[in-house]
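Biologist: Hey, got a minute to walk me through this one? Pull it up and let's talk.
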Amino acid sequence: MVLDAGWAVKWLTLCAQAMAEHRVELIELDRAIGDSDHGENMDRGFQAVLAKLGESTPETPGAALKMTAMTLMSKVGGAAGPLYGTAFLRAATAVGDAAEIEPSTWADALAAARDGIVARGKAEPGDKTMVDAWTPAVDAARAAADGGSADLLGVLVAAAEAAEAGAVATDPLIARKGRASYLGERSAGHRDPGAVSSALILRAAVGAAA
Amino acid sequence: MKKLINDPRSVVEEAVQGFGLAYAELVTVSEDPTYITRKDAPVAGKVGLVSGGGSGHEPLHAGYVGKGMLDAAVPGAVFTSPTPDQILPATEAVNSGAGVVHIVKNYTGDVLNFETAAELAEAEGISVRTVLVNDDVAVEDSLYTAGRRGVGGTVLVEKIAGAAAERGDDLDAVAAVAEKVNANVRTMGVALSACTVPHAGTPSFDLADDEIEIGIGIHGEPGRHKIPMENADSITNRLLEPVLADLGITAGDKVLLFVNGMGGTPLSELYIVYRRAVQVLAEAGATVERSLVGNYITALEMQGCSITVLRLDDQMTELWDAPVHTAALRWGM
């Protein structure tokens, strides 16, 4: 198994499937502490990515990531559009023109994506945002890639599992960024929708490689 | 959910089409990407004023496109900010060379999308100034939040900055007067019921029959806290107190009092709130010099209202009184 353009296309296709399947769940999470639009916006954005993939096939993983960035930025709206757009754009830059992504490059790409999200959204770990899924994912991917014990799939799995755990760990947090922050303490006891959609994206990366 | 719609996914598209047909003499509608410009845009030598944000707040923003107010409005999906690929062409369409002011309500999504569009416009050689509106006193601790939201004050910023642009003020002057309005305006809102986003299909928060939500924004998000239902005078006191305290209203101040309906409250109830608000301001020694009462920045069919107070000076009063001709505000022409 290699992380080539074919894998990237499958990954993005699985992302679109995941957003459609979890659309209502994301809307419900957002209803509790936001404004009920996250699932709708992510579904619309990845359906647009799917449509782009139907028009032309990217030749490298980097090209697929860049196309995704531009599409999400122009179709999603809200905070998620610019944040995910920046994340995919930074990841695209990190993987460059390479035909295949190496394990350590995947960790670099995730770190670049996370740094992009932080730069645009100004959120820190613990603010109850998607950063709380991305940061543990970056750390886990880095550790797995550097440790050398994990194969390519192992690195993808480590990132996805860490993102999922990170999303669950947002439950007790009090939001300090984004729309949930208006609720203050009332935001505790709810899971951050952006962290959940981030984990879905990283889980789809595993599915595409399996 | 009962709504006068055809398909939850085409609500914005069809509403914008209808708006364009109803006000064809005032505006031009671009459907893809979606934005609305005043009929005679770009107006030679005039600073362009662009605002936008999620849909569901009608008449904001499209209802304020026209002479003496906005040059363009950019509607996103319901309660979702528009995207840079809408904001940029709207900015281009109203740029006469005198530059463009973006009036942005302070929400993370709106800020990020307008920021990106402004960067792209600057790269094309268009001078853009961004004015953030953040008048909502319900958001208390700004260090630990995304900052105060832009709510009722937005309408006043758009009217007054629009008048400044219409009379020929330059880019810096228009941005400065918009900043001045924002610095002198505060708002607090209440919901008696939640609203239902069409594609979500269920009310945006749960509220019992005998409860109200104090400190709401305009997106059906829950507010500062829930309390048992009270009468109109008590609710008015409760909303106005933090507004006046935050503005530091003192005896002799002249103000514009704006009682806004959230979409599902009859005007008669807004007048009852207005009546009490005037009494409270009089007790504080302030004089209500100008007023606005009605549904001007809404949250779909939410029941409730917001109270906005703007501390006036001669410049702002003169610009408020200047002629305006838009779908939702019209006087003097």
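Biologist: In which sense do strand 3 and strand 5 of chain B pair?
Modeller: In this predicted model, strand 3 (residues 48–55) and strand 5 (residues 72–78) of chain B pair in the parallel sense, over five bridges. Within that pairing, B:Gly52 stands opposite B:Val74 in strand 5 of chain B.
Biologist: OK, and what packs on the sheet there?
Modeller: Helix 2 of chain B does, touching strands 2, 3, 5, 6 and 7 of chain B. Its direction makes about 15 degrees with that of strand 2 of chain B. Helix 1 (residues 11–22) of chain B lies across strands 1, 2, 3 and 5 of chain B, and runs at about 150 degrees to strand 5.
Biologist: What's the strand order in the sheet?
Modeller: It's 1-2-5-3-6-7 in chain B, an open sheet of six strands with mixed pairing. Strand 1 (27–31) and strand 7 (128–133) of chain B are the edges, each pairing on one side only.
Biologist: Switching to chain A: is helix 4 largely enclosed or not?
Modeller: Largely enclosed, because 11 of its 15 residues are buried. Among the buried ones are A:Leu65, A:Met67 and A:Leu72.
Biologist: What covers them?
Modeller: The cover includes helix 1 (5–21), helix 3 (38–55) and helix 5 (80–95) of chain A, together with helix 2 (84–94) of chain B.
Biologist: And how far does helix 4 of chain A reach?
Modeller: From first C-alpha to last, helix 4 of chain A reaches 21 Å, close to the 21 Å expected. A:Gly77 follows this helix, and its phi is positive, near 70 degrees.

How values were computed. Residues numbered from 1 in each chain as written. Chains lettered and ligands numbered in written order. Predicted model: local features only at pLDDT ≥ 70, side-chain atom pairs only at ≥ 80, totals over all residues. Helix = DSSP H or I, 4+ residues; strand = E, 2+ residues; numbered from the N terminus. Expected span 1.5 Å × (residues − 1). Buried ≥ 20, exposed ≤ 12 C-beta atoms within 10 Å, placed from the backbone. Contact = placed C-beta atoms within 7 Å. Pairing = 2+ DSSP bridges. Axes fitted to C-alpha atoms, helices over the stretch in contact; angles between N-to-C directions.
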